[in-house]
Amino acid sequence: MFDRIADRYDLLNRLISMGLDQGWRRRLVAALAPAFADRTSSKVLDLATGTADVALAVARRFAGVRVVGLDPSEAMLRVGAGKVAALAAPVSLVRGDAQRLPFPDDAFDGALISFGIRNVPDRDAALREMARVTRPGGVVAVLELGLPRKGVLAPLARLHTQHVVPRLGGWLSGEEEYRYLAASVAAFPAPEAFLERLEAAGLVDLELRRMGFDAAHLYLGRPR
Ligand SMILES: C[S@@+](CC[C@H](N)C(=O)[O-])C[C@H]1O[C@@H](n2cnc3c(N)ncnc32)[C@H](O)[C@@H]1O
């Protein structure tokens, strides 16, 4: 599915989220800072890296950090590789599955996944893998869309996520992905339930940051 929309993915994201997705990604990247506090060189893993926007943002924000971006979609990685080459960024891209990572234990100072965990069939396995490959004291971060449930703007935000996005996305891309997006956001666990999955994966010091009236959530934790 992502192979089919790869060439239009970045543009569609900006249009559909009205630019909000970039601000949410910036907050995700900023949340990694504690992982690098006492280090001169660090390594970060960006799972479901797609077109590598977050991987590139990490490399830009933190000097001396090398980033590995992993994704199963060849076409998404191809778009990402073009951007990495154009910027000569310290980012390497690997084809793979978040459920079975080809890295040893404690290999990274931080592991993150942005708008990707929703697509992974066995989310618990992916969270366990993130905890496994992150060193003790490092940061594990998950950014994911949510469904606004409370507040005056919640009905408007729900209308946008559930009705505007699938139609606009389908119309602009001609693909099913944006209908799937609305359905998969609705099926994703509520934040409190997802925090329990992070805990079950062996993460501690858990934190939930709500963004855009609950349209997105940033989950943070540390390996035990
Ligand atoms: C909505 S995109 C997010 C891309 C990027 N992280 C971003 O913030 O724009 C979701 C990505 O999840 C990837 N994906 C799907 N299944 C996956 C899996 N099992 N392991 C890792 N990535 C996966 C897709 O190929 C796609 O690139």
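**A tour of the cavity and the ligand**

Select Leu145, Gly146, Leu147, Arg149, Val185, Phe188, Pro189, Ala190, Pro191, His217 and Tyr219: they line the largest cavity. This is a predicted model, where local features need pLDDT of at least 70, side-chain atom pairs count only at pLDDT 80 or more, and totals for chains, interfaces and linings use all residues. Residues are numbered from 1 along each chain as its sequence is written, and side-chain values use heavy atoms, without hydrogens and water.

A cavity is a set of points, on a 1 Å grid over the protein atoms alone, where a 1.4 Å probe fits but cannot get out; lining residues have an atom within 4 Å of a point. The largest cavity holds about 50 Å³ of space (the volume filled by probe spheres set on the points, which are joined across faces, edges and corners). Its lining has eight nonpolar, two polar and one charged residue. Here Ala, Val, Leu, Ile, Met, Phe, Trp, Tyr, Cys and Pro count as nonpolar, Asp, Glu, Lys and Arg as charged, and the others, Gly among them, as polar.

Next, select the ligand. Around it are 18 residues, each with a heavy atom within 4 Å. Tyr9, Arg25, Ala48, Asp71 and Ser114 come nearest. The shell has eight nonpolar, seven polar and three charged residues.

Now show the polar contacts (pairs of N or O atoms within 3.5 Å). Pick Arg25: a side-chain N or O atom is 2.9 Å from a ligand oxygen. Pick Asp97: a polar side-chain atom lies 2.9 Å from a ligand nitrogen. At Ala98, a backbone N or O atom lies 2.9 Å from a ligand nitrogen. The ligand alone exposes 600 Å², and the protein buries 93% of that (Shrake-Rupley method, 1.4 Å probe).

Methods:
Polar contact = N/O pair within 3.5 Å; in protein donor to acceptor, adjacent residues only side chain to side chain. 1 Å grid on protein atoms, 1.4 Å probe; cavity = no way out; pocket = protein on both sides within 12 Å on 5 of 7 lines; lining within 4 Å.
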